[in-house]
Amino acid sequence: MKDADVSKQIQQMIRFIRQEAEEKANEISVAAEEEFNIEKLQLLEAEKRKIRQEYERKAKQVDVRKKIEYSMQLNAARLKVLQAQDEMVNSMKDDAKKALLRVSNDKKAYKKLIKDIIVQGLIRMREPSVILRCREGDRKLIESVLEEAKKEYSEKANVQGPTIILDNRVFLPSPPKNNSTDSIEPFCSGGVVLASQDGKIVLENTLDARLDVIFRQKLPEIRKRLLS
């Protein structure tokens with residue numbers, strides 16, 4: 001084979017190898033580009049997920065804070081309503097106490113009331129002998145209605161009239177000075193306290209005690225009316 005032919009063949013082989021190398025390099029470059037683009041997309045999606053998760057986390061935190069603030073405001077409003085209710089109830093009770101202090105001013109009406117209170121107490125106790133305590137200022141009034149009260153009790157209960165011992169040593173507190181219900185000292189607006197002879201049964205039938213009982217019974221209804 002001539003040198004020219006050999007050289008020609010060598011050149012052809014070189015061109016073939018070079019072309020094959022270029023094609024392979026191009027394939028590697030394309031594959032690398034595709035792999036880079038895929039990895040870039042994956043990183044981008046991962047960052048998007050992170051951003052979404054962070055947004056959702058912060059949105060939940062804001063929502064929780066809003067709910068907590070709303071709950072706190074609602075509780076504060078409820079407390080204000082309850083406080084206003086308590087103030088109104090206490091004002092009503094204070095007005096009632098002031099009215100009770102004036103009850104004994106009407107001597108005729110108070111005399112009948114005292115007699116009825118004693119009869120009611122005797123009926124509730126049903127004791128053959130009772131000790132009766134009153135305000136010192138009501139002692140003479142009590143003495144004037146005792147026999148009538150015993151008789152009325154005897155007729156209503158269909159029993160013999162009890163022995164009533166009027167306590168002349170221990171008296172119920174007097175009305176407050178200037179009829180002030182804000183007095184820190186104990187006071188009594190009227191009525192009586194009955195006790196069995198042995199002291200085991202005590203019935204507080206004062207006007208103040210009756211007012212407390214009525215208020216406890218009527219308090220739910222009063223609060224309901226205040227809310228309506």
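**Group meeting: helices and a buried threonine in a predicted model**

Over residues 7-61 the chain is 100% helix and 0% strand, with the end C-alpha atoms 80 Å apart. Please keep in mind throughout that what we are looking at is a predicted model. For that stretch, residues 7-61, UniProt lists "coiled-coil region", and the entry it comes from is unreviewed.

Let me move on to α2, which has 19 residues and reaches 27 Å from its first C-alpha to its last, close to the 27 Å expected at 1.5 Å a residue. Its buried residues are Tyr110, Ile114, Lys115, Ile117, Ile118, Val119, Gly121, Leu122 and Met125, and I would point out that a lysine, Lys115, is one of them. After the helix comes Arg126, whose phi is positive, near 55°.

Next is α3, covering residues 139-157, which also has 19 residues and spans 25 Å from its first C-alpha to its last, close to the 27 Å expected at 1.5 Å a residue. Where does α3 bend? The bend is at Val145, and it amounts to about 40°. Val145 is itself buried, as are Ile142, Leu146, Ala149, Glu152, Tyr153 and Ala157 of this helix. As a reminder, an α-helix has 3.6 residues a turn, so residues three or four places apart point the same way. What do the buried residues of α3 pack against? Their partners are α2 (107-125) together with the strands β1 (129-133), β2 (163-166) and β3 (191-196). Just after α3, Asn158 takes a positive phi of about 55°.

Now to a single residue in a loop: Thr181 is found between β2 and β3. Is Thr181 buried or exposed? It counts as buried, because its relative accessibility is 10% and the cut-off for burial is under 20%. Leaving aside residues up to four places away in sequence, Thr181 touches Asp94, Lys97, Lys98, Leu101 and Phe187. One of these contacts, Leu101, is 80 residues from Thr181 in sequence, yet the two C-alpha atoms are 8.9 Å apart in space.

I will finish with the aromatic rings, where a pair is described by the distance of the centres and the angle of the planes. With centres required to lie within 6.5 Å, the count comes to 0 aromatic pairs. There is, however, a charge placed over a ring, since Lys93 lies over the face of Phe215, at 5.7 Å from the ring centre, and the limit for this is within 6 Å.

Notes. Residues are numbered from 1 along each chain as its sequence is written. This is a predicted model: local features need pLDDT of at least 70, side-chain atom pairs count only at pLDDT 80 or more; totals for chains, interfaces and linings use all residues. Side-chain values use heavy atoms; hydrogens and water are left out. Rings of Phe, Tyr and Trp (its six-membered ring) pair if their centres lie within 6.5 Å; planes under 30 degrees apart count as stacked, over 60 as edge-to-face and the rest as tilted. A charge sits over a ring if NZ of Lys or CZ of Arg is within 6 Å of the ring centre and within 35 degrees of the ring normal. Helices (H or I, at least four residues) and strands (E, at least two) are DSSP runs, numbered from the N terminus. The expected span of a helix is 1.5 Å times one less than its number of residues. The bend at a residue is the angle between axes fitted to the seven residues ending there and the seven starting there. Buried means under 20% relative accessible area, exposed over 50%, partly exposed in between (1.4 Å probe, protein chains only). Contact means heavy atoms within 4.5 Å. UniProt positions are given in the numbering used here, feature names are shortened, and annotations may be inferred rather than shown by experiment.
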